Amino acid sequence: MHKLSDNEVAWIEFLRLLSYDQVPTPTLAAIQALRLTLTGRELKICSRDCAGG
């Protein structure tokens, strides 16, 4: 694992404040959005479970 940069730590703190330090239940759309953010790939983002693949 690499050490988090000051910017990464600041974003984590921001997200914790925004969510009132709660951990939301992961959804398909949230996981896909996170993947898109981290990898930069174009992924289909579904608001609910994607029907038919």
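The paragraphs below go through this predicted model from its overall make-up to its helices, its salt bridges, its loop and its largest pocket.

In its secondary structure the protein has two helices and zero strands. Of its 53 residues, 6% count as buried, and the surface that the protein exposes comes to about 5,300 Å², with carbon and sulfur atoms supplying 60% of that area.

Helix 1 runs over residues 6–18, and its length can be checked against a simple expectation. Because each residue should add 1.5 Å, the 13 residues of helix 1 should span 18 Å, and the C-alpha atoms at its ends are indeed 18 Å apart, which agrees. One residue of this helix, L18, is exposed, since its relative accessible area is 57% and the cut-off for exposed is over 50%. L18 also belongs to a nonpolar patch on the surface, in which W11, F14, L15 and L18 together present about 460 Å² of accessible area.

The polar contacts come next, and a search of the whole structure finds two salt bridges. In one of them the side chains of R16 and E13 meet, with an N to O distance of 3.4 Å. These two residues are three apart in helix 1, so they are separated by about one helical turn. Neither partner falls into the buried or the exposed class: R16 counts as partly exposed because its relative accessibility is 38%, and E13 is partly exposed as well, its relative accessible area being 39%. R16 also forms a salt bridge with D21, where the closest N and O atoms are 2.9 Å apart. Through these shared partners E13, R16 and D21 are joined into one network. While R16 and E13 are both in helix 1, the place of D21 is in the loop between helix 1 and helix 2.

What backbone feature does Y20 take just after helix 1? Y20 has a phi near 55°, which is a positive value in a residue other than glycine. Y20 lies in the loop between helix 1 and helix 2, and it is exposed because its relative accessible area is 68%, where over 50% is required. D21, in that loop too, has a positive phi of about 60° although it is not a glycine. D21 thus carries a positive phi and is also a salt-bridge partner of R16.

The last part of the picture is the empty space beside these elements. Rolling a probe the size of a water molecule over the atoms shows where such space is left. In this model the largest pocket holds about 560 Å³ of space, and 15 residues line it, with L15, V23, P24, A30 and L34 lying nearest its centre. The elements that give two or more residues to this lining are helix 1 and helix 2, the latter covering residues 28–39. Which element provides the largest share of the lining of the largest pocket? That share comes from helix 2, with five residues. L15 appears in two of the features described here, as it is a member of the nonpolar surface patch and is also among the residues nearest the centre of the largest pocket.

Definitions and conventions: Residues numbered from 1 in each chain as written. Predicted model: local features only at pLDDT ≥ 70, side-chain atom pairs only at ≥ 80, totals over all residues. Heavy atoms only, no water. Patch = residues over 30% accessible without salt bridge, like charges linked within 9 Å, V, L, I, M, F, W, Y side chains within 5 Å. Areas by Shrake-Rupley, 256 points an atom, 1.4 Å probe, with all protein chains shown as cover. Salt bridge = Lys/Arg side-chain N within 4 Å of Asp/Glu carboxyl O. Helix = DSSP H or I, 4+ residues; strand = E, 2+ residues; numbered from the N terminus. Buried < 20%, exposed > 50% of the residue type's maximum accessible area, 1.4 Å probe, protein only. Expected span 1.5 Å × (residues − 1). 1 Å grid on protein atoms, 1.4 Å probe; cavity = no way out; pocket = protein on both sides within 12 Å on 5 of 7 lines; lining within 4 Å. Points joined across faces, edges and corners; volume = space filled by probe spheres on them.
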